[in-house]
Amino acid sequence: MRHVRLALVSSIWILASTASIHPQALNTNFARDPQQPVDQEYTDHIHKYTTDPSFLSPLVDYLPASKAVPTPTKTLGDVSGAPDMLPYAEDVYKYFRLLATASPRVKVVTIGHSEEGREMIAVAIADADLLKNADANKQRLAQLSDPRTINFDDAKARTLIDQSYPVYYITGTIHSVETGAPTALMELAYRLAVDDSPYIKYIRSHMIVLITPVVEVDGRDRMVDIYRWHKAHPNEQWPHLLYWGHYVAHDNNRDAMGMTLDLTRNVLDTYLDWHAQVLHDLHESVPFLYDNTVGDGPYNAWVDPLLADEWAELGWNNVAQMQGFGMPGVFTHGDFDTWSPGYLMFLAAMHNGISRLYETFGNGGADTEKRILTPEEYSRTWYRLNPPLPIVIWSQRDNNNYEQSALLTTISYFAQHSHHFLENYYIKSKRSIQKPTLEGPAAYVIPPNEAATNREVELLKVLKRQHVEIQQLSDAVTADVAGEKRGDKSKQETFPAGSVVIRMDQPYSRIADALLDRQFWAPDDPQKHPYDDTGWSFPHLFNVKVVRLTDAAILKASMKPVDDPAALAGKLDGTGSLVAVNNTGQVSLLSLIYKLKDTKIQAAEKPFDADGKHFAAGSIIINSAEDKVAGALHDLALDGAKLSAAPAVAAHDVAAPRIAFMHTWLATQTEGWWRYAFDNVNIPFDYMSTQTVANEDDLRSKYDVIIFAPVGRSSSLDIINGLPMWNNPMPWKKSDITPNLGSIDSTDDIRPGLGYEGLEHLRKFVEQGGLLITCEDTAQFAIDTGLAPGVSVVPRADARVVGSVLNTVFVAKDNPISSGYGANLPVVSANGMAFNISNTLGRAGGRMLMDPYAERPTGRGSLEENDEPLGRKAVEGEALEKTQPWEAKKLNEEQVRDNFSVIPEQQRPEVILRFADNKALLLDGLLDKGGTIAEHAVVVNAHLGQGSVLLFGNNPIYRGETIGDYALVFNAILNHDHLARQAAAPEAKKEDKK
């Protein structure tokens, strides 16, 4: 049927192409070399697989022939974009290496590997002379990228610009379900290496095009696997791509701040090694090609204004060129705000380059499909005057045509204006270094703080991965610190020797500034649909004090570079046979228990002093001072102190808890960030699905802690029921046609969910003393299914929170979960989720018991007076105790009498953390009408039987960014068997009180 449809489409194409002169026929800027032969068979297939004549441009409606250089057909067996065929990453690489062997204009280099060990490559394409002298060009560009090396001499810069050629870096398939880029880039590379059209010859001789065809290599191979399964089962539903990378899926394009993933680090290192001017990332989701280079407001507040001009110049020019070919559905602007610096392309924007991104249309595979667009997608508006067709037969070849046509036009424009863009590159680099005098600030300073050193190390590691220079004061310095609010007077602060300084007079000051500053998104901003998080201040997220200085005097202080941030911690002082490690909310304290699992370790239940040092509750006491302890502390960036005698403090033994992660077969991305965090600090865990839990009756004999991290916008019924069973079974496991599936987890059929048997097994696990940790939608699941008695979700009404950093206050300061923290903690809130707690069980259609009225009823007197009945003497009622929003309403004798729904005192939920009051609630990002969530609980420890269910309304382990919150989870795990609610002292009777 598909072949008939394609034949019909081809016939229509021929008739349409001969009926009139297409606008693209009048464009001579991209004329071919008439002397160069054409590969007719390949060209015929291009036309055959293109479903509409308007989906083809004169740049890609043919393929030049070469006797020496192989076309993509050599490895694909058909042309790029052919239907029913997706190549593995290895096959893509094989072709590029064949190309490099056959042509001196192509060079392939390995740029790193994925978490699962798969190779990532970059392919450089230019004239042979340019590639031969690429290292010399890198050295020249390095001087332009750091004008300190030429003493800011503009004359020298002009000479370097004249001698240099730019590097344009294109990346493909970071999102594994967006499948077209690898084949489009294979054919693009062939064209750039072989085609002798004047415009392509000019590109080759004036710039290097650098290509990473597959960014997410682990996910690409899995995507090809499931597509192969789909082709082998043509009449069946096929599984969606559950695992992309080893840890995360779509969020791999949100890692440009935390730099946690190998792919992000490899791309940035490559971009900076080549000193590229552009990072252009290829995506698929929008018909037919959305160049979101221009984007929409608000723009990121830390980019150079010159970059905004470059976005406009390149974006609008690119659209104009494509419109000149008559290709429908090409536009820029759109509603994608350019606020967050978390996207892969934004690595360039934050490192003095140009960030760009295409969204082309794709089918999530290589099938040719009929697609029906929504009115929003095909509507005509001022920035999309030639919109997409409302109904379309779309092929992967159509996708490849659009990607290649747009790329060829834009790199041609870039080559023609290479001098201009190199000048801008130099100017932006110079401005970054001149930031303290041009715009400020001068520096960020992290004063020494033993309690925060471990988290400070983690923050500095991120900055190092961003290639930010880090210094440390050799002597104390006094500087003016600006007031916290407009109009506040500045004050002087002395920063002692050892303070860490992030100077702003360095090439990559902009990324440091963007991460260390605060963010504010106005509630009335014209952009009503933020595309991603609106706040991300790393000092808040890492719970580290960082001071922003506008006083340039700090730059004159004596400093030395910090090459290895880990060297700032990991010290062991004192003498004695015991070692104590103060609990200050470190990310690696729990790791120490596993590293020293054969050593007796205790956790202090109260604060204590020993050998002149103060230790917080939750501190670790190690019954050994052997060398292995010192080595472990060094490896984990933990400071310790030897003690001469055991401290006089109540303590309990701690052993390495047995941990399991439970995941669904609905989605695995958000829990993947949790797995990454545990792997990163070497905390071992088992990994099991809800199906495993459904079949395992005795979970408690195997595990102390089960972590049910967020699924991602799933309902409780989704978790229980899984996918609809009316479809065919869908396996996720290794087989001959799916060799890359099943390495993380496997199943014969992804459809079944937890089921009610699995729910009962979870309940039994908790009742027998286990700890279940839940977050966001899984916390809602725990509430809905009765695993968290007395807890409900606060209706958010019109409160508006979009990935914001909010202020919280510790309520249960003596609870082990709170160990190591101060009074407050910044948290990331996706949407303002908060909890109410009650001393009674709720019932469907009923209500939680609460005060009869929040204020007084209608009647005589003022608000502060009581109403009084007439005709008899007034009698005082029992005084109603005022409760706070985070507290459960207190019950009187009447409410308790014969009430089976009253939760026993030791089973009542405890609030660990609550939101601050509305005035102090927002730290970074967007908050509108926050009164409905202010002061409500955000972390609750619920009790069921002998165990606990910990509920997070915030996500404490998120994108490698919320380092300051990690210890909430790790403290709970460390003390999993000491989270029972302590019995309150018996209340005295009223008579006794009198």
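## The eight-stranded sheet

In this predicted model, eight strands form an open sheet in the order β1-β2-β4-β3-β5-β8-β6-β7, and the pairing is mixed. The edge positions are taken by β1 (106-113) and β7 (330-332); each has a single partner strand, so one side of each is left without a neighbour in the sheet. From one strand to the next, the twist averages 20°.

Within this order, β3 (residues 167-172) and β4 (residues 208-212) pair in the parallel sense, over five bridges. One residue pair in this ladder is I170 with its bridge partner I211 in β4. Strands of a sheet pair through backbone hydrogen bonds, either parallel or antiparallel.

## A helix across the sheet

Helix α11 (residues 262-273) lies across β1, β2 (119-125), β3, β4, β5 (278-284) and β8 (354-360). Relative to β1, α11 runs at about 140°.

## Packing of α12 and α16

Two packed helices are described by the angle between their axes and the distance between the axes. For helix α12 (residues 305-324) and helix α16 (residues 418-433), the angle is about 155° and the axes are 10 Å apart. Angles over 145 degrees count as roughly antiparallel, and α12 and α16 are therefore roughly antiparallel to each other. The crossing of α12 past α16 is left-handed.

On the α12 side, the contact is made by P305, L306, L307, E310, E313 and L314. These meet H420, F421, N424, I427, K428 and R431 in α16. By class, the residues of the contact are six nonpolar, two polar and four charged. An α-helix has 3.6 residues a turn, so residues three or four places apart point the same way.

## Strand β35 and its partners

Strand β35 (residues 910-915) is mostly covered, with six of its six residues buried. β35 pairs with strand β32 (residues 804-810) in the antiparallel sense, over three bridges. In that pairing, F810 has L913 in β35 as its bridge partner.

β35 is also joined to strand β38 (residues 937-944), by four bridges, and these two strands run antiparallel. Here E910 stands opposite N941 in β38.

## Helix α30

Helix α30 (residues 966-974) is likewise mostly covered: nine of its nine residues are buried. The buried residues are Y966, A967, L968, V969, F970, N971, A972, I973 and L974. Buried here means under 20% relative accessible area.

Definitions and conventions:
Residues numbered from 1 in each chain as written. Predicted model: local features only at pLDDT ≥ 70, side-chain atom pairs only at ≥ 80, totals over all residues. Heavy atoms only, no water. Axes fitted to C-alpha atoms, helices over the stretch in contact; angles between N-to-C directions. Parallel < 35°, antiparallel > 145°, perpendicular 65-115°, else oblique. Left-handed = near helix turned anticlockwise from the far one by under 90°. Contact = heavy atoms within 4.5 Å. Nonpolar A, V, L, I, M, F, W, Y, C, P; charged D, E, K, R; others polar. Buried < 20%, exposed > 50% of the residue type's maximum accessible area, 1.4 Å probe, protein only. Pairing = 2+ DSSP bridges.
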